[in-house]
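Welcome, and please load the model in your viewer with side chains ready to display. We will go from stop to stop, with a selection to make at each one.

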Amino acid sequence: FPAEIAVVISNKADAGGLEKARASGVAALTIESKPFGRDRAAFEAVLQKALDQHGVELICLGGFMRLLTAEFVQRWYGRMLNIHPSLLPSFPGLEPQAQALRAGVKISGATVHFVIPETDAGPILMQGAVAVRDDDTAETLETRILAIEHRIYPAALRLVAGGQIRLEDGLCKTI
């Protein structure tokens, strides 16, 4: 694989990924965001220091539910990925599975995208789809979408880490 995990960082001490990282011999840190209150820049200064200390070149967000400042996002432009459980640009933000069910769509899925200051709006790198069933609940749809997320996120990371993607005019292009 053309990348290695330098560190796993969470703003919540009980995040399951921290223990998985430690069990795999990967550095794991908690940087609690609550003590910073609404001072996102102060939180990000501590986060940036940790990223620098671990030599991070690419950030892969997953389940990180804290908004980042435009300045932080711009510093990492083209080097920060996120995964969202919908086929963006449809259903950004919170509870996308419930949004999809309320809209009556027949297909939903997951999107890997580059992070920009606007929430869930960055250049789309990869998507995976699942059929929405008549008997789906938000939970059953979430379970099927999660399986897609686990498949497309590593594939998207492989493209970025392998230098096979470039950003051009706000779109992802394969090299």
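The tour below covers aromatic rings, a helix pair, some backbone features and a few long-range distances. Keep in mind that this is a predicted model.

**Stop 1: the phenylalanine cluster**

Start by selecting Phe 36, Phe 43 and Phe 64, which ring pairs link into a cluster. A search of the whole structure finds two aromatic pairs. How are the rings of Phe 36 and Phe 43 arranged? Their centres are 5.8 Å apart and their planes meet at 70°, so this pair is edge-to-face. Now turn to Phe 43 and Phe 64: here the centres are 6.4 Å apart and the planes are at 20°, so the pair is stacked. For the angles, the cut-offs are under 30 degrees for stacked and over 60 for edge-to-face.

Colour by secondary structure and look at where the stacked pair sits. Phe 43 belongs to helix H2 (residues 40-53), while Phe 64 is in the loop between strand E3 (59-60) and helix H3 (70-75), so the pair ties together parts that are 21 residues apart in sequence.

Next, switch on a surface. Is Phe 43 buried or exposed? Phe 43 is buried, at a relative accessible area of 2%. Phe 36, by comparison, is partly exposed, with a value of 24%.

**Stop 2: charges over rings**

Keep Phe 43 in view and add Arg 66. The charged end of Arg 66 sits over the ring of Phe 43, 4.7 Å from its centre. Then select Trp 76 together with Arg 79, where you will find another arrangement of this kind: the charged end of Arg 79 sits over the Trp 76 ring, 4.2 Å from the centre.

**Stop 3: helices H4 and H5**

Select residues 96-103 for helix H4 and residues 138-161 for helix H5. The two helices pack at an angle of about 115°, and their axes are 9 Å apart. Rotate the view to look at how they cross: H4 passes H5 in a right-handed crossing.

Which residues make the contact? From H4 come Gln 97, Ala 98, Ala 100 and Leu 101, and they meet Ala 138, Leu 141, Glu 142 and Ile 145 of H5. Sorted by character, the residues of this contact divide into six nonpolar, one polar and one charged. As you look along the contact, recall that an α-helix has 3.6 residues a turn, so residues three or four places apart point the same way.

Stay with H4 a little longer and select Pro 96, Gln 97, Ala 98, Gln 99 and Ala 100, which are buried. The cover over the buried residues of H4 includes E4, E5 and H5. Just past the helix, pick Gly 104, which follows H4 and has a positive phi near 75°.

**Stop 4: backbone features in the loops**

Go to Pro 89, in the loop between strand E4 (80-84) and H4. Display the backbone here: the peptide bond from Leu 88 to Pro 89 is cis, with omega near 15°.

Now select Asp 120, in the loop between strand E5 (107-114) and strand E6 (124-131). Its phi is near 55°, a positive value in a residue other than glycine. Asp 120 counts as buried, at 14% relative accessibility.

Asp 169 comes next, in the loop between strand E7 (165-168) and strand E8 (171-174). Asp 169 is not a glycine, yet it has a positive phi of about 55°. With a relative accessible area of 76%, Asp 169 is exposed.

**Stop 5: two distances to draw**

Select Leu 171 in strand E8. Leu 171 counts as partly exposed, with 49% relative accessibility. Which residues does Leu 171 touch, not counting those up to four places away in sequence? They are Pro 123 and Arg 166. Draw a C-alpha to C-alpha line from Leu 171 to Leu 81: the two are 14 Å apart in space and 90 residues apart in sequence.

For the last selection, choose Asp 135 in the loop between E6 and H5. Asp 135 is exposed, with a relative accessible area of 61%. Draw one more line to Val 26, which is 109 residues away from Asp 135 along the chain, and the C-alpha atoms turn out to be separated by 40 Å.

Key. Residues numbered from 1 in each chain as written. Predicted model: local features only at pLDDT ≥ 70, side-chain atom pairs only at ≥ 80, totals over all residues. Heavy atoms only, no water. Phe/Tyr/Trp six-rings, centres within 6.5 Å; stacked < 30°, edge-to-face > 60°. Buried < 20%, exposed > 50% of the residue type's maximum accessible area, 1.4 Å probe, protein only. Helix = DSSP H or I, 4+ residues; strand = E, 2+ residues; numbered from the N terminus. Lys NZ or Arg CZ within 6 Å of the ring centre and 35° of its normal. Axes fitted to C-alpha atoms, helices over the stretch in contact; angles between N-to-C directions. Left-handed = near helix turned anticlockwise from the far one by under 90°. Contact = heavy atoms within 4.5 Å. Nonpolar A, V, L, I, M, F, W, Y, C, P; charged D, E, K, R; others polar.
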